[in-house]
Amino acid sequence: MTSRPSPHQTARIETETVGLSLAHDSAMLHVQGSAVYIDDIREPEGTLHVAPGYAPDAACGRILSLSLDAVRAVPGVLAVLTARDIPGVNDCSPSIGDDPVLADDRIAFHGQVVFAVVAETREVARQAARLGKVEIAAETPAVTVEDALARRTIDVLPDYAFKRGNVTKALRASQTRIEDSFHIGGQEHFYLEGQAALAVPDERGGVTVYSSTQHPTEVQHCLAKMLAVPDAAVTCECRRMGGGFGGKESQAAQWAALAALAARITGRPAKCRLDRDDDMVMTGKRHDFRVDYAAGCDETGRLAAVDVTFLSRCGYSADLSQGVNDRTMFHADNAYFYPQLHIQSRRLRTNTVSNTAFRGFGGPQGMLFAERMMEAIAVRLNLDPLDVRKRNLYETGRDVTPYGMKVTDNIALAMIEELEASSDYRRRRDQIARFNAGSRFIKKGIALTPVKFGISFTLTQMNQAGALVHVYTDGSVHLNHGGTEMGQGLYVKVAQVVAEEFGIDIDMVRITATTTGKVPNTSPTAASSGSDLNGMAARNAGMVIKNRLIEFAVKEWKVARSAIRFERGQVIIGNHAIAFGDLAKKAHQARISLSSTGFYATPDLVWDRDKAKGRPFYYFAYGAACSEVTIDTLTGEMTVDRVDILHDVGRSLNPAIDIGQIEGGFIQGMGWLTMEELVFDDRGRLRTHAPSTYKIPCASDVPADFRVKLFESAGNPADTIYRSKAVGEPPLMLAISVWCAVLNAVGSIRPGKMPPLEAPATPEAILTAVKAMQT
Amino acid sequence: MTRNTIRFIRRGKVVEVTAFPPSRTLLDYLRLDEKSRGTKEGCNEGDCGACTVVLGRLRGGRVFYEPVNACIQLLGQIDGTELISVEDLAAGGSLHPVQQALVDHHGSQCGFCTPGIAMSLFALYHHGEAATRQDIVDQLAGNLCRCTGYRPIIDAAQQVCDGKASDRWSKESDAVRTRLAALQDDTDIVIGDADSFFAAPASGDSVAAMAARHPDATILAGATDVALWITKQMRILPKIIHLGRVAALHRLENHPDRLSLGAAVTYAEAEAALSAIDPDIAELLRRLGSKQVRVSGTIGGNIANGSPIGDMPPILIALGASLTLRYDAAWRMLPLEDFFVAYGKQDRQPGELVWRIDVPKLQANEAFRCYKISKRFDQDISAVMGAFKIAVENNCIANARIAFGGMAATPKRALATERALVGLKLTEPDSWSGAIAALGTDYQPIGDMRASADYRRAVAHGLLQKALSEIAGELTERTRVLGQRERQVVA
C-alpha cells in the first residue's frame, strides 16, 4: 500500500456525471408503483403457484411418513413435489452441498421444507399446504449456542484462529485484566419484498427464471444441477429486488429451485413467492453469538493482549458461515491495534435455520466485541471511553492487523477528532453526567465509536466482475453488468460511470436487468463491492468501444488522439465537434463494432487462509458516529436523542445515494442492536416470525436530531473507480455507538461496575442490566 | 331493502362488484382481479404498510382521505367509498406533489415500500393542516422501510404536506363529494347466498336479527384482526356480517359524565373524545396500531376479540367502563372486566353482539395514568399495558382502580393492589412498597416472545411506582422518556 498515493496526493478528477447526486434510476417508477418486482410481472398464461409445506410440530428428526393425499385432493392442486421428484442434485447450498431443496430422509430445523404444493392459485396452494401430514421421529433440538456446546453437536465448519505472541503470558503480566462474556442477537433481513421467483420452462428442458436474487449465477447453477441440465440451459434474470441485505445472496436459490421444479414437472410456468411468515421461518438470518474474552491493558487503557472466542450459531448447515465467521475475526480489531492476540472462532451447529449473509457479513459482531471491550476498560479504569479508543487506534509502528495486513491509511483519528468537535462530545458528556447525578428514574448516555471495515470478498476469487455495453447508432447505450440492484443505487452509479466515459447524458444510458444470459459467471452483489467491481468492468467495456471510436476518428479526421474528447453529448475532434450519436453512426457505417464486454479483477489481493496472512482487503472504509440516548430505569424504555455521523466514502460517485446508504445502514444497525429480537422457543420454533412480533425501526425511531456528513476526502488511496469507496455495509456498524451509549447510561447507575448489557438492548435487556447495577 | 352488490368510486367512475368470495381481501382484488400491481404485499397482516391505499369517505358532508392496509381490509368493506391506489396519483405525465417530493428527496431505495408510503403521505397531504414532524412520523408509523432510514421520507413530507393541497382531488372536491353522496343509502347489503355471504346490514335491528339467525357467522368490524384469520391462518370464513354500515353502532355520545361509544366506532373516530379524558390516553392512542389500523380498527372489536394484550381494555376497565351486548331484540349490560372470562373466552353468546361501551369520565379528585410498554414505541403490541385511576383526598389515596394487559390470560384488575393502596399517603413514598408488592398477588404473568415473566413483573412494579410518583407531583419529564404530560398540555 505504500506505493499508493496518500489521500492528499490524489489528484482531483474533473467529472460531468460522476459525483452528481442523481436520483435513483427507478425513483420515478417506485413512487408510481410501476417498478416491476417478481410478483408484479404479468404471468404467462397458465402460470401455477407453488407453496412450501413443512412439519409444524417438529424441529429435527427422521421423516417417518409423508401423507399428502389430502393435499392432492384439493381442487386446483396439480402436483405435490417431494425430494423424489428432483431429477438431478437435491441441493441449493452455495458450496458444500448440505442444503436440500426438499428434505429427504430427515429434517434439521423447524420450518424446513419437506414438500411443495403446485396449484392453480396461490391461495389454493397455501391452503392445501396446511393439509400435508409429516410424521417425524422428533428429537430434542439444539437451539442455542449453549445447547450446541452442551450437546457437543458436530460443528458445521472447523475452528479457525488468528494468533500473535503469547497471549496467556501477556494477560498475566498486564496491570489490568478484564474478563467478560456477552451475547449478540441475530437479525432478520426483513427485505420488504419477500423471496420470490417465476420460472418459465423452455422447449428443451431448460428454464428461464426471474428471481429476486443477489446472485443470479448461483441460482442458475443450482437450477441446472437440480434439473440435470447444463448451466447453459438455465437463464436467471433479476431487474430489481425489493431489498436484499444479504438475505438473497445464497438463500434465494431454494425458491427459484421449487418454481423451476414445478415448471419442469408440469410443463407450465410456475411462481413461488413466500408468505412473510414462511419467509421468516424458512430463511436464514444474521448469526447470533456468544463472545467470551479476556483483555489486558496498562493504566492508561492501552491494550497489551486480547484473547477472544467467538461462538456462533450457524444453524443446521454451513451456508456462508465460513466467510461470515472469518469476517467476524477480521473485524474483531475494528480500528484498534492488539499487540498480542488470540482470536478464536467456533462455528456451531444448531437445529435452527441456517444463518447467512447480512449486511456486514459477520463484521458487525466482531466490531461490537471490540467496542464493548473499550467500554469495559473505560469502566474499570474510570476513563472516558473515547480516550481509551483513541489510545488504541492503529498508528505508525502499531499498524499490523491480526491477519498480517498493514494499515497505512490511518484516518480514523482525524475522523474521530473532527466528529468529537462537531458533535460537541466532551461538553455533552459533562452535561449528561450532571443530569444523571440529579435524575432518579431517567438516565442518559453518550458514546462515540469508529468504524473501520475491510473492502473485498475474503474469498479472493470472487473479486471479479463483467459488463456488457452496446452503443446504438443513435448514440444511446445499453448497459448490462453482473451486479444486481436491491435498492442500493448500484445501477445508477454504474450508469453514471458509463455516461461519464462517453461524455453523454445519463438519460442516454439504458439500464437493463441483470441476467446470466448477458454477463456470465458473476459474483454475488455483496461485500459492498457492487460499484467497485461492476463500475470498473462497465468502464472497461465502455473504454474498449471508446477507443475504437477514437481510432476511427483519428483516421477519419486525421487528428491526434490527444485532440479528441468526449463531453456533453459531443465528441470534440480537433476543431470539429460531432454529436456522439453521429459518430457512432459513422463508425458503424465504417464497419466498427459498437459492442463490448468489460472485465475487472481487483488487483493486489493475496490471502493465505491456512497461514492467516496476507492482504485480504484492497482498502478500508472508515466512519465514526456519536449517539446520545435516554433510558427509563423503571421500564427499560430507551430513546435515541441525537446522532452525529461522519463517514468516509472516498470521492463519492453519487453523494445522495451514499448518504442514503449511510442513514439506512445506521438505522438498520440500530434496529439490530436495540429492538430487533429473534426469539426461538425451546422446541426450536421461531416465535417472532412476522412484523407483529419482530420489530424493525419505524419512522419515529429515527432521531429527530440526525446529522450526517461525508468526510472530506481527496479520494480513496486505492485505485478504485473514480477513487470512491464502498458504502453498502460499513455504515451499519456506526450504530454500535447507540448500543455503547445505552451501556454508558446504564453504567451511570454504579460507576466502576460493567453493566451486563446484552445485545440487542431491548427494554427488557436494559432493565435487566439496570437491576444488576442496583443490587 | 337489500342490495346484492357493492359500489365504490374508482378513477371517477362507479364500480359495482356483485360476486366475490366473502373473505376476498382488497389487496387481492387490486392485484389479482383488477391486475393493478402498484400496491405491494409485504407482510399480509397489516404491519408493514406496503399495501397502503387510501379510501375517500364521506362523513358529515366532508370527505376524509384515510390510509388503510389493503391486505387486511375486505373488499366488501369498501362499499360507499372512493378507492385510490398508487397508480392513480400521477396525471397527465406529471407526478403528484407527494411523489415528486419523494423523488426530489431521494426517498426511495429498493422502492417496495414506496407505493404505500406515497399513499400514506397522500392522505396526510389532504389532512388540511401543515404537518409537523410528529404528525409525519405518526402518519408513517404503519409504513416500514428497511432501506432509507426514513429521514429523506420525513423531509419530503415536511416539504409537501403543508396543508395546501392542490391536486385532482382538491380541485374536484365538489364532484368527489357528489359522487360519494350518491353512493350512500340505507339498504342492507348481502352478497352470496344463505350458506356463504358477505353481509353489511344498514340498521341496528337488521344486523342484530341477522347475527341471531346466523350464530355461526363471523362478526366483522374493522377487520384488523379477523382478516388475519384469512391471510395467515388460511381459515375459510363462509359467512361474514360486517358492522360498518350500521349508523347506530357508529354513534359516539359525549355526555357530561361519560362517553358512550357504539361498537363500530373506530379508534380514529373516538380519538378526540377519549383523549379529552386524559392526555395519557391521547398518547396511548397515538401509539396504538398505526394510522391505517386506527382508521379501520374499532374499540368494540378490540373488546370483542378478547385479546389479553389489547390496549384499550385495561384503560376502559380502570376507568370503570361498562359494556352493552345485544342478542336480537334483547340487551344486557355488564362491567367490562366481567366480560373477559378466561383466555379466548368472553361472556358473549353466538349471535350476540357487542353493542356499546360506556366510559365514565374522571371526577375532579381522580388522577389517571396509563403506560404502554413494548419493544418498539409505535405500532407494537404491548408486553405490558398498565392503567391506573387513583382518587385522592387530602393527599391520601381514597380509591384505586388498576388494570393491566399482558399480565394474565385476560385484561385483569389488580384487586389486591387496589385494596392495599387505599389510605396510603402520596407524600410518603416509602409507604408504597407493600402495595407495589401486592401486584405479585394479583398477577402471575407468563413469558413469551414479547417479554419474560420476570420482566413483566418488574415492569408492572415500575409502572405503579411511576404512576404514584407522578400523581404525587413528580414532573413526567423526570419520569418518562416519551409522552411527557407537560409537553402534551403545552401542545
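In this predicted model, chain A contains an open sheet of 8 strands with mixed pairing. The strand order is β3-β5-β1-β12-β9-β10-β11-β20. Two strands stand at the edges: β3 (77–81) and β20 (514–515) of chain A. Each has a single partner strand, so one side of each is left without a neighbour in the sheet.

At the β20(A) edge, the partner is β11(A), residues 234–238. The two strands run antiparallel and are joined by 2 bridges. Within this pairing, E237(A) stands opposite T515(A). Helix α3 of chain A, residues 122–129, packs on the sheet. The helix touches β1 (48–54), β3, β5 (113–119) and β12 (270–273) of chain A. Its direction makes about 20° with that of β1(A).

**A hairpin in chain A**

Strands β22 (570–573) and β23 (576–579) of chain A pair over 4 bridges in the antiparallel sense. V571(A) faces I578(A) across the pair, standing opposite that residue. The two strands form a hairpin, with 2 residues between them. G574(A) sits in the turn and has a positive phi of about 60°. Strands of a sheet pair through backbone hydrogen bonds, either parallel or antiparallel.

**Aromatic pairs and charges over rings**

Over all chains, the structure holds 31 aromatic pairs. One of them joins Y403(A) and F617(A), with ring centres 5.7 Å apart. Their planes meet at 85°, so the pair is edge-to-face. This pair links distant parts of the chain, 214 residues apart. Y403(A) is in the loop between α11 (385–392) and α12 (412–422) of chain A. F617(A) is in the loop between β26 (613–615) and β27 (619–632) of chain A. Y403(A) is buried at 0% relative accessibility, and F617(A) is buried with a relative accessible area of 0%.

A pair in chain B joins W331(B) and W355(B). Here the ring centres are 6.4 Å apart and the planes stand at 90°, so this pair is edge-to-face. W331(B) lies in strand β14 (330–335) and W355(B) in strand β17 (353–360), both of chain B. The pair therefore ties together parts that are 24 residues apart in sequence. W331(B) is partly exposed at 47% relative accessible area, whereas W355(B) is buried at 8%.

Ring pairs also build a cluster in chain A. Its members are Y160(A), F162(A), F330(A), Y403(A), W607(A), F617(A) and F620(A).

Two arginines have their charged ends over aromatic rings, as tabulated here.

| Charged residue | Ring | Distance to ring centre |
|---|---|---|
| R286(A) | W672(A) | 4.9 Å |
| R59(B) | F64(B) | 5.2 Å |

**Buried faces of two helices in chain B**

Helix α1 of chain B spans residues 26–33. Its buried residues are L26(B), L27(B), Y29(B), L30(B) and R31(B). Strands β2 (6–10), β3 (13–17), β4 (52–59) and β6 (82–84) of chain B are included in what covers them. Just after this helix, K35(B) takes a positive phi of about 60°.

Helix α10 of chain B spans residues 267–275. Y267(B), A270(B), A273(B), L274(B) and S275(B) are its buried residues. They pack against two strands, β11 (252–254) and β12 (258–262) of chain B. They also pack against helices α11 (279–287), α12 (291–296), α13 (299–304) and α14 (312–319) of chain B. An α-helix has 3.6 residues a turn, so residues three or four places apart point the same way.

**Two single residues in chain A**

T217(A) is found in helix α6 of chain A, residues 216–227. With a relative accessible area of 3%, T217(A) is buried. Leaving aside neighbours within four places in sequence, T217(A) is in contact with T516(A), P520(A), N521(A) and T522(A).

D147(A) lies in helix α4 of chain A, residues 145–151. This residue counts as partly exposed at 26% relative accessibility. Not counting residues up to four places away in sequence, D147(A) touches P141(A) and A142(A). D147(A) and M536(A) are 389 residues apart in sequence and 46 Å apart in space, C-alpha to C-alpha.

**An annotated region**

An unreviewed UniProt entry annotates residues 32–140 of chain A as "domain: Aldehyde oxidase/xanthine dehydrogenase a/b hammerhead". Over residues 32–140, chain A is 12% helix and 31% strand. The end C-alpha atoms of this stretch are 50 Å apart.

Key. Residues numbered from 1 in each chain as written. Chains lettered and ligands numbered in written order. Predicted model: local features only at pLDDT ≥ 70, side-chain atom pairs only at ≥ 80, totals over all residues. Heavy atoms only, no water. Pairing = 2+ DSSP bridges. Contact = heavy atoms within 4.5 Å. Axes fitted to C-alpha atoms, helices over the stretch in contact; angles between N-to-C directions. Phe/Tyr/Trp six-rings, centres within 6.5 Å; stacked < 30°, edge-to-face > 60°. Buried < 20%, exposed > 50% of the residue type's maximum accessible area, 1.4 Å probe, protein only. Lys NZ or Arg CZ within 6 Å of the ring centre and 35° of its normal. UniProt positions renumbered as here; feature names shortened; annotations may be inferred.
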